[in-house]
Amino acid sequence: NAVIRKFTRRMDSTGGGSPGEPQPAAEFGFNTFVWNYRLPNATTIANLIMWGGSLAGPRIPPGNYSTRLTVDGKVVGTEPIVVKADLRLTTTQDDFAKQFDLMKKINAKLTETHTAINDLRDLRTQIEGLSRRLKPENKDLIDKAKDIATKLTAVEEALHQTKIRSGQDALNFPIRLNNKLAALSSFVDSADYGPTASAYVVYTDLTTKIDAELAKYAAIKTQDVAEFNKQYAAKGLPIIISGR
């Protein structure tokens with residue numbers, strides 16, 4: 001059976017569990033841990049402010065599940081659990097499954113988008129820092145670095161509204177693709193019903209546009225950055241720029 005969520009007390013190299021994961025209690029005696037029946041949240045980015053959007057992971061649909069407690073890699077206990085729908089609902093199991101499936105896809109695309117933004121920012125910081133250290137006689141490389149940074153910024157600004165610094169800023173600066181997708185996530189998650197036909201249409205439209213921007217980013221790395229590194233190396237300088 002597939003593991004849908006894991007919580008741990010085991011410390012990692014940073015001194016804690018997985019980022020964003022609540023840690024279960026592990027005191028002597030009885031312990032209580034409350035799970036919200038959701039998968040992990042989507043990856044975030046620094047200084048993210050959402051307007052009507054959420055990175056919350058999808059809620060699992062009603063059904064039969066089981067919990068497993070392990071200590072030092074050894075299973076010490078299992079317990080079946082049943083997640084039941086509100087008895088007042090007429091929502092079918094198929095509709096719950098469709099809601100979960102769409103939420104899971106949105107969550108994955110948000111994670112992919114924000115991972116790309118984080119990587120893009122790191123790459124731009126590298127190349128801008130390198131450009132500042134180049135001597136004036138390397139103007140061709142300085143201009144190439146500036147062009148790459150401009151292209152990276154254009155992709156980021158298409159994916160994310162960089163001018164939003166507070167909750168009210170969205171009134172003046174329109175939200176971008178990541179916030180629109182997160183808002184769709186909130187809409188699909190807002191009630192215990194299957195997704196509407198329009199939700200699928202919006203999802204397809206947004207993910208198509210996001211994929212187009214991610215393709216531009218990939219091209220910048222494989223073409224522009226590669227050419228920059230080639231020119232840089234031809235001058236006998238060490239190659240240190242590399243997109244993830």
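Across the whole structure, which is a predicted model, a search finds 4 aromatic pairs. One of them brings together Phe7 and Trp35, whose ring centres lie 6.4 Å apart. Their planes meet at 70 degrees, so this pair is classed as edge-to-face, the cut-off for that class being over 60 degrees. The pair links distant parts of the chain, since Phe7 and Trp35 are 28 residues apart, and both sit in the segment before S1.

The two partners can also be described by their accessibility. Phe7 counts as partly exposed because its relative accessibility is 21%, whereas Trp35, with a relative accessible area of 19%, is buried. These two values fall on either side of the 20% limit under which a residue is called buried.

A second pair is found elsewhere in the chain. Phe228 and Tyr232 form a stacked aromatic pair, with 5.8 Å from centre to centre and 25 degrees between the planes. Both residues belong to helix H4, which covers residues 197-234. Being 4 residues apart there, Phe228 and Tyr232 are separated by about one helical turn. Both partners are buried: Phe228 has a relative accessible area of 0%, and Tyr232 has one of 6%.

Returning to Phe7 and Trp35, the picture extends to further rings. Ring pairs join Phe7, Trp35, Phe33 and Tyr37 into a cluster.

Phe7 also leads to the next feature, the largest pocket. This pocket has a volume of about 1,500 Å³. It is lined by 32 residues, and those closest to its centre are Arg5, Phe7, Thr67, Arg68 and Leu69. Phe7 therefore takes part both in the edge-to-face pair with Trp35 and in the lining of the largest pocket. Among the structural elements, S1 and strand S2 (74-83) each give two or more residues to the lining. The most comes from S1, which contributes 8 residues.

Leu69, another of the residues closest to the pocket centre, is found in strand S1, which runs over residues 63-71. Leu69 counts as exposed because its relative accessibility is 53%, and the limit for that class is over 50%. On the surface, Leu69 joins Val71 and Val76 in making a nonpolar patch of about 270 Å². Leu69 thus appears in two of the features described here, the lining of the largest pocket and the nonpolar surface patch.

How values were computed: Residues are numbered from 1 along each chain as its sequence is written. This is a predicted model: local features need pLDDT of at least 70, side-chain atom pairs count only at pLDDT 80 or more; totals for chains, interfaces and linings use all residues. Side-chain values use heavy atoms; hydrogens and water are left out. Patches are made of residues with over 30% relative accessible area and no salt bridge: like charges are joined within 9 Å, nonpolar side chains (Val, Leu, Ile, Met, Phe, Trp, Tyr) within 5 Å. Accessible areas come from the Shrake-Rupley method with a 1.4 Å probe; for residues, only the protein chains shown count as cover. A salt bridge is a side-chain nitrogen of Lys or Arg within 4 Å of a carboxyl oxygen of Asp or Glu. Buried means under 20% relative accessible area, exposed over 50%, partly exposed in between (1.4 Å probe, protein chains only). Rings of Phe, Tyr and Trp (its six-membered ring) pair if their centres lie within 6.5 Å; planes under 30 degrees apart count as stacked, over 60 as edge-to-face and the rest as tilted. On a 1 Å grid over the protein atoms alone, a cavity is a set of points where a 1.4 Å probe fits but cannot get out, and a pocket is an open set with protein on both sides within 12 Å along at least five of seven lines; lining residues have an atom within 4 Å of a point. Grid points are joined across faces, edges and corners, and a volume is the space filled by probe spheres set on the points.
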